[in-house]
Amino acid sequence: MNFYYSLIAQCAHTKSLTILRALHSHVIKSCASYLSFGGHKLIHGYIKCGSLDDARKLFDEMPNRHIVTWNSMISSHINHGRSREALDLFGNMLVEGALPDAYTFSAILKAFAEMGVLSHGQRAHGLAVVLGLEVLDGFVASAIVDMYSKFGRIRDAGLVFQRVLDKDVVLCTALIVGYSQHGFYSEALEVFEDMVDRGVKANEYTLASVLISCGNLGDLVNGQLIHSLLVKSGLESVVASQTSLLTMYSKCGMVEDSMKVFNHLAYASQVTWTSFIVGLVQNGREEVAVSVFREMMRCSMNPNPFTLSSILQACSSLAMLEVGEQVHAITLKTGVGGNKYVGAALINLYGKCGYIDKARSVFEVLMELDLVSINSMIYAYSQNGFGQEALQLFERIKKLGHEPNGMTFTSILLACKNAGLVEEGCQIFSSIRNNHNIELTKDHFAGMIDLLGRSKRVEEAAKLIEEVRNPDVVLWRTLLNACRIHGEVEMAEKIIKKIHELAPGDWGTHVLLTNLYASAGKWNQVVEMKSKIRDLKLKKSPAMSWVDVDREVHTFMAGDFSHPRAHEIFYTLHELVEKVKILGYNPDTRFVLQHLDDDEMKLSSLYYHSEKLAIAFALWKTGSRKTSIRIFKNLRVCGDCHSWIKFVSLLTGRDIIARDANRFHHFKGGICSCKDYW
DNA sequence: ATAGGGTTAG
């Protein structure tokens, strides 16, 4: 008999299923009673060889089934992703009166968690309590804690934890993980501190999770403490520890530190690469993120949906259409084009770059139209002035099985504003008030104030702001903008005072007020404001425009003569100015904020605004090609340029799409999609 | 003879 045992063990070791089957039939023939005392050996062998079906067939024939054999059957099915059958086995076990033990529970609880059947799990938990295993066995206890936290029943997990007598590392870690995955970061730290106090030694799993909590709390001090603990425990080189370390640093805003961690890695996993990229994007280091992504591709490391959605986010922040399209191709190639995160990121990218059709085609092929993707699409429509389309999609939300949330309403108010749908916007705003599931935020008020301002209802807008608790600068500035457009000088002055209280030294406000005085013809005040601006030495970020022509980005600053094609640009620009003057363009020197005295100087500074340079360059470069031109500006497009671009689009028959800090302007045939309100 | 916990996105 021992001879057979060693042969079976041999088969199990070498995973030779065919030989094991031969052995099986031989042993059954030669020894009729073999099953009752050697069957478990064969079952074990079959499991090792990966044939659960052989194991199950034999198991069902066995007369006396030992608890260990039950457990092996159950856990092997779970490990092969056949949890359904494992649950059947567990049921049979109870029916036959075999008493589950600690091994059974730790296996079966995991299956309940994976299958998402809470009530079964709770019943098994009850049974474990009755058998006294909950408080006495660390394996069972951690399986229960883990199961509850996977169900989001974090309170239940905590209660079980408290009852367990011997709280070992794994049990503590299970709870820490549960807390940290459900946003209870301080609680996770508390469990950790308590554990350390009790002299339980943390391992890499524990530290990884605690680091994540520190990161999410922005708790750099504890994060660094754990880093030193990691070094002391000699766990520094474990990939997962390094990944969480890197994540902790980037969540605390310490990009340099996360770079240091990354650069010292012996090996970076897919997750590590991704975490690093995510951190860079979140800290506004998009260009670095893109180069790290390229490096990742060069290392033949496959990106996953996390990587791709993150890098697409970077592309849309910088409106890097070219890179974004390459990443889009990668998403299609790797088959994650239907992923909702990737989809939403692509919609944002194309929306931001003014390609509404591309955004829509991504949206239409999404596997799952979740609320975030819908919101992204509505926002893309809004940004680009497609108000009706935004409203139609808004109407469809309920049919698609969702309830609009705060973000939906922010986008839809923006859509109404950008498309001039004032009545529709007012109706939607009052519907938010009546919907008690949605909390009205400052964003909603800002959107509404903007909208009212558009239709000269400045008084109403001012009333609205009174409803807001602690209105912030953004809100006041929105109202101020409405005043500026409609020449409400007195109200504007009051608002300016408010803004100065909230944010002293805000140059944008000075500029707005100066413009306002200028348009009301109050020249004395204009002069006063300008000297104030000069006295305060307020630095404004330089206006900059860029344009993508033939896959090359060209950047321009106002009055910038440094471009290699400066000569051609200025020639084209002057020609354009003269031609559009004939069409009716009238230079508007109110938009000159530099302190220039003579009129000629004023005019030329106006002509050399960065957006005009960018457009002149693009027109010259593309010559007779009738492609549309896309320019980007870091600030709001100025009124004079706006009018000029309208004429240029009429003159040249070219579509010009300009993205400024706030929104898109689609110029076509002398008309802009913003209908002159922005 | 069978068993437990970790890292990335709107």
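Reader: Why is Lys646 called buried?

Author: Good place to start, and please keep in mind that this is a predicted model. Lys646 has a relative accessibility of 16%. Buried means under 20%, so Lys646 counts as buried.

Reader: What makes Lys646 and Asp676 a salt bridge?

Author: Their side chains meet with N and O 3.0 Å apart. The cut-off for a salt bridge is within 4 Å, so the pair of Lys646 and Asp676 qualifies.

Reader: Why is this pair said to tie parts of the chain together?

Author: Lys646 belongs to helix H37 (residues 639-652), while Asp676 sits in the segment after strand S6 (671-672). The two parts are 30 residues apart in sequence, so the pair ties them together.

Reader: Is Asp676 buried, partly exposed or exposed, and how do you know?

Author: Its relative accessible area is 44%. Partly exposed lies between under 20% and over 50%, so Asp676 is partly exposed.

Reader: How many salt bridges does the structure hold?

Author: There are 24. One of them joins Arg21 and Asp54, whose closest N and O atoms are 2.7 Å apart. Arg21 is in helix H2 (residues 17-30) and Asp54 in helix H4 (residues 52-61), so this bridge ties together parts that are 33 residues apart in sequence.

Reader: What makes Arg21 partly exposed, and what makes Asp54 buried?

Author: Arg21 has 41% relative accessibility, which falls between the cut-offs of 20% and 50%, so partly exposed is the right term. Asp54 has a relative accessible area of 17%. That is under 20%, so Asp54 is called buried.

Reader: How do you know that Glu611 and Lys633 form a salt bridge?

Author: Their closest N and O atoms are 3.0 Å apart, and the limit is within 4 Å. This pair links distant parts of the chain, with Glu611 in helix H36 (residues 610-622) and Lys633 in strand S3 (residues 629-633), 22 residues apart.

Reader: Are Glu611 and Lys633 buried or exposed?

Author: Glu611 is buried, with a relative accessible area of 1%. Lys633 is at 7% relative accessibility and counts as buried.

Reader: Which residues are linked in a network of salt bridges?

Author: Asp53, Arg82 and Glu85 are linked in such a network. As general background, side chains of opposite charge can pair when their charged atoms come close.

Reader: How do you know that Cys172 is not bonded to Cys214?

Author: The sulfur of Cys172 is 16 Å from that of Cys214, which holds its closest cysteine sulfur. A disulfide needs sulfur atoms within 2.5 Å, so this distance is too far for a bond. Cys214 is in no disulfide either, as its nearest cysteine sulfur, that of Cys252, is 7.4 Å away. A search of the whole structure finds zero disulfides. Cys172 is at 0% relative accessibility and counts as buried, and Cys214 is buried at 0% as well.

Reader: What makes Val130 exposed?

Author: Its relative accessible area is 67%. Exposed means over 50%, so Val130 is exposed. Val130 lies in helix H8 (residues 118-130), and together with Leu99 and Leu131 it forms a nonpolar surface patch with about 300 Å² of accessible area.

Reader: Which residues form the negative surface patch?

Author: Glu187, Glu190, Glu193 and Asp197 form it. Glu193 is found in helix H13 (residues 185-197). At 41% relative accessibility, Glu193 counts as partly exposed, and a patch residue needs over 30%.

Methods:
Residues numbered from 1 in each chain as written. Chains lettered and ligands numbered in written order. Predicted model: local features only at pLDDT ≥ 70, side-chain atom pairs only at ≥ 80, totals over all residues. Heavy atoms only, no water. Patch = residues over 30% accessible without salt bridge, like charges linked within 9 Å, V, L, I, M, F, W, Y side chains within 5 Å. Areas by Shrake-Rupley, 256 points an atom, 1.4 Å probe, with all protein chains shown as cover. Lys, Arg positive; Asp, Glu negative; His and termini not counted. Charge placed at Lys NZ, Arg CZ, Asp CG, Glu CD. Helix = DSSP H or I, 4+ residues; strand = E, 2+ residues; numbered from the N terminus. Buried < 20%, exposed > 50% of the residue type's maximum accessible area, 1.4 Å probe, protein only.
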